[in-house]
Amino acid sequence: TAAFQHLLNAEGANLLRPKYVSRLEISASIPEEGDPGISKGHAYITVTDLATGEKHTYATWDDSSRAGQDGRVVPGSDVRIDLEKTLYPPSLKLATMSASFDLTAGQNERLKAFINTPVKWSRIDSCAGWSSKAVYIATGVSINASESVMFFTVNSPRRLFVSLHGMENKK
């Protein structure tokens, strides 16, 4: 019976652990030098399939940006896939902060639905706000990307960078 008890304890422990299927990483990049400004920098998410290792980045991009019409996830949406490697190469010297979360199958499905929901980029709700919402939709974790500018609030990579830096310092 000791062997059975050992097996039950080992299997029981595995049954209680959540099974993670993907990893969600949120990143905010700002220029290393000078004033990052409210409109400089970029924010995006990276989703990695833990079974295959396949990795994709997602972010919102304005049609007038360097992204143009390329890489749309859904026709008419400003969510683009895999543009960060080509549009933000290491030679740009950006400071980047990030945080990652392992996702269960249910969380991963919520994230996929969010990514595939058509959305329009705007200065008020930019890549930083969209990336922050993606984390919240998938995990319930709220990461602040909002800052006040005169009489209104905008989402910026700069503010998201500061929030992610604060999360890193709490580890």
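This is a short tour of a predicted model, from the overall layout down to a few residues and charge pairs.

**Ground rules**

The model is predicted, so local features need pLDDT of at least 70 and side-chain atom pairs count only at pLDDT 80 or more, while totals for chains, interfaces and linings use all residues. Residues are numbered from 1 along each chain as its sequence is written, and side-chain values use heavy atoms, with hydrogens and water left out.

**The overall layout**

The protein chain has five helices and seven strands. Both kinds of element are DSSP runs numbered from the N terminus, with helices being H or I of at least four residues and strands being E of at least two. Reading from the N terminus, the order is α-β-β-β-β-α-β-α-α-β-β-α.

How much of the chain is buried? Of its 171 residues, 36% count as buried. Here buried means under 20% relative accessible area, exposed means over 50%, and partly exposed is in between, using a 1.4 Å probe and protein chains only. The accessible surface comes to about 9900 Å², and carbon and sulfur atoms own 57% of that. Areas come from the Shrake-Rupley method with a 1.4 Å probe, and for residues only the protein chains shown count as cover.

As for contacts (heavy atoms within 4.5 Å), take those with a separation of 6 or more: 61% of them join residues 24 or more positions apart.

**Helix 4 and what touches it**

Helix 4 covers residues 127-139, and its end C-alpha atoms are 18 Å apart. That agrees with the 18 Å you should get from 13 residues at 1.5 Å a residue, because the expected span is 1.5 Å times one less than the number of residues. Buried residues in this helix include Cys127, Ala128, Trp130, Ser131 and Val135. Just after the helix, Gly140 takes a positive phi of about 85°.

Ala43, in strand 2 (residues 42-49), is one residue that touches helix 4. It counts as buried, because its relative accessibility is 0%. Beyond its neighbours within four places in sequence, Ala43 is in contact with Ser27, Ala28, Ala59, Cys127, Ala128, Ser131, Pro157 and Leu160. The C-alpha atoms of Ala43 and Ile30 are separated by 8.8 Å, with their positions 13 residues apart along the chain.

Asn155 sits in strand 7 and is also buried, at 14% relative accessibility. Again leaving aside neighbours within four places, its contacts include Arg123, Ile124, Ala128, Gly129 and Ser146. What does the side chain of Asn155 pair with? It makes a polar contact with the side chain of Ser146, at 2.9 Å. A polar contact is a pair of N or O atoms within 3.5 Å; within protein, one must be able to donate a hydrogen and the other to accept it, and residues adjacent in sequence count only if both atoms are side-chain atoms.

**Charge pairs**

Side chains of opposite charge can pair when their charged atoms come close. This structure holds four salt bridges, each one a side-chain nitrogen of Lys or Arg within 4 Å of a carboxyl oxygen of Asp or Glu. Among them are these:

| Salt bridge | Closest N and O atoms |
|---|---|
| Arg23 and Asp102 | 2.7 Å |
| Glu109 and Lys112 | 3.8 Å |
| Glu147 and Arg158 | 2.5 Å |

Arg23 and Asp102 form a salt bridge that links distant parts of the chain, with Arg23 in strand 1 (residues 20-31) and Asp102 in strand 5 (residues 94-104), 79 residues apart. Arg23 is partly exposed at 34%, and Asp102 is partly exposed at 31%.

Glu109 and Lys112 are both in helix 3 (residues 105-115), three residues apart, which is about one turn of the helix. An α-helix has 3.6 residues a turn, so residues three or four places apart point the same way. Glu109 is partly exposed at 48%, as is Lys112 at 42%.

The salt bridge of Glu147 with Arg158 ties together parts that are eleven residues apart in sequence, because Glu147 lies in strand 6 and Arg158 in helix 5 (residues 157-170). Glu147 is buried at 14%, while Arg158 is partly exposed at 24%.

**A nonpolar patch**

Ile124, Met150, Phe151 and Phe152 make a nonpolar surface patch of about 560 Å². Patches are made of residues with over 30% relative accessible area and no salt bridge; like charges are joined within 9 Å, and nonpolar side chains (Val, Leu, Ile, Met, Phe, Trp, Tyr) within 5 Å. Met150 is in the loop between strand 6 (146-149) and strand 7 (152-155), and is exposed, with a relative accessible area of 76%.
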